Amino acid sequence: MIPSVNKSGSRTIGLLAYLYGPGKHEEHTDPHLVASFDGMSPDPGRDPKATLTDLQQFLDQPVWALAEHARPAKHVWHTSVRADPGDRILSDEEWASIARRIVAATGIDPGGGQIGCRWAAVRHADDHIHIVATLVTEDGHRPDDYRSGARAQAEARLIEKELGLRRVVPGDGTAAQRPTSAERHKAERQGRARTAREELRTTVRQAVVGVRSEEEFFRRLATAGLLIDKRVAPSGDLLGYKVALPDDRNKDNQPVFYPGARLAPDLSLPRIRERWSADQPGPAASTDGPAPVSPSSARRRTASAVWAAITVVDLGGEGVVAAHIASAGEVLDALVQTSAAHTRSQLRAAAIAFERASRSHVRAERGHDRALRQAARDLVAGGPAMGRGEDGATTAMVIDMLAFLLTAAMHWHARKGHAQQAAAAQQAAEHLRSAYQAAASQPMGVLQRRGRLMHRPVRQQQAVLVRQALPELAEQILAEPGWHALAVTMADAAAAGNDPGHLLARAAARRELATADSVSDVLVWRLRGMAGLPADTSALAQPAAANSPSVPGKVPGRASARGSRGKQPGPAR
């Protein structure tokens, strides 16, 4: 339940005319009073003899009783109280009780023998009410409505619990503006799954991924098909911008423009400029567009950048962490644009959820997040990835690392008391886990089959290395479904000239490793990345080093390769 206290106004009749009218888009149905300060206020919606003027004069009476110089210039208090879309439809009696509790909590009509203001609660939709009050008490004083917004929110949390409604996580004022009921009704009439505001927010957020100049940003917006209105100062300096969907029109058939800051606080032009201002010091940075790179190479680079960011989120200063979390959102947006269809819906859901986690009152210190922003830029440059082969396997690699990073972000927000952001990061991580299952099914299946074909002594030696490098996590790893994939990855690394024990030790230095859902999966992708191994091994007919056990202190597989020259390998068991 979301109470929204609006700015004070000066015309009671104007607000009542809107509440009892058809709405901007004919969305108001059966407007009527559900409660008022005395329970007997005239109701123009249900009483044919009552008029809007009757109700206005009744509410304004204490204001007009004051001398003209003593009347407040802005005497109209207005708040809407909206239920969550997933909540049941509340009765008029329930809304009446909610209205009384909100006006009491905010100091408008505190009750308990205290003199309050006149107010009325109007319902013109299933999911919300509007409360109108005049800010003069019956004895001619100003009510104690200081911080009425915060007080209304606190009361709403209690109401949710008592009525069994969805519990809204307390916010901090940094969330993007929610679509209005008029915008939602308009989207329904037009057959849109999302409102114009939501579509524009997503499109602008995707356009800003890795961007390095205003020219590139506006070029991407135009390519996406948006209408753009730039706000320019007399000096010629660009001050801001607005965007609109070509087919979203008002009653005069004019495009409905939204300023960037009204889509989300971090989509204003000054905040967007902060992203690229610290990307590349000096004039050498290219703003013509990202250099070409293959989808799989872009994903490998991204996995490495995300892995490095995990430690920053755990140990870095708060401004640096905030920048990395914001840039993790850019990486997510880039993946949505470039990944195959079987992962796209979950990735899109993750990106939409994580948008809330990407902002808080902690101001991002840009520049420290350069590697993540470059990774997002590379993903866009690489273009669409195939769902299988190296593209598909490296997609699984980066999603797994990114889920790990989002979990670290969730813990950071929770430690800071950012309840909404922590919940959003958790929700996004859950969507990423679903996307990972879709992406990893084929490449991890191949690795696991290869691991099961390894000779038992080889697998046992790999288990010894795991116990040495990760003693606290070893038994968990050996019991996970991904253990066989890790065992063959260690053998592949050894065959390529790497020391798998050393690679494990490097990975073990990350104390966040224990928070991963599947430690073995994280290690598979990290070891394959560090050793430069292919992520997709479906073309390999035989498991690496399957025919000879590792020798402690030596690189597994090398001696057997020298001793078996000219011989055909024996069958795998």
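## Exercises on two antiparallel sheets

Seven bridges tie strand β3 (residues 76–82) to strand β5 (residues 128–137), and the two run antiparallel. Helices (H or I, at least four residues) and strands (E, at least two) are DSSP runs, numbered from the N terminus, and two strands pair if DSSP finds at least two bridges between them.

A word on the model: it is predicted, so local features need pLDDT of at least 70 and side-chain atom pairs count only at pLDDT 80 or more, while totals for chains, interfaces and linings use all residues. Residues are numbered from 1 along each chain as its sequence is written, and side-chain values use heavy atoms, with hydrogens and water left out.

**Exercise 1.** Work out which residue in β5 stands opposite Val76, and place β3 and β5 in their sheet.

*Solution.* Start with the pair: Val76 faces Thr134 in β5. Next, read off the strand order, which is β1-β3-β5-β4-β2 in an open, antiparallel sheet of five strands. Now find the edges: β1 (2–5) and β2 (32–36) each pair on one side only. Last, check the twist: neighbouring strands here are turned by 25° against each other on average, direction ignored.

**Exercise 2.** Find the strands that helix α2 touches, and its angle to β5.

*Solution.* Take α2 (residues 52–64) and look for contacts, meaning heavy atoms within 4.5 Å. The helix packs on the sheet against β4 (117–125) and β5. Then compare directions: α2 makes about 25° with β5. Axes are lines fitted to C-alpha atoms, for helices over the stretch in contact, and angles run from 0 to 180 degrees between N-to-C directions.

**Exercise 3.** Describe the sheet that holds β6, β7 and β8, along with helix α7.

*Solution.* First, the order: β6-β7-β8, an open sheet of three strands with antiparallel pairing. Its edges are β6 (227–232) and β8 (258–259), each pairing on one side only. Then zoom in on β6 and β7 (residues 238–244), which share six bridges; here Val232 sits opposite Leu238 in β7. To finish, add helix α7 (residues 214–223), which lies across β6 and β7 and runs at about 15° to β7.

**Exercise 4.** Sum up the whole chain: its elements, its span and its burial.

*Solution.* Count the elements: 21 helices and eight strands. Then take the C-alpha trace, which spans about 105 × 55 × 40 Å along its principal axes. Finally, of the 573 residues, 51% count as buried, that is, under 20% relative accessible area with a 1.4 Å probe, protein chains only.

Note on methods:
Buried means under 20% relative accessible area, exposed over 50%, partly exposed in between (1.4 Å probe, protein chains only).
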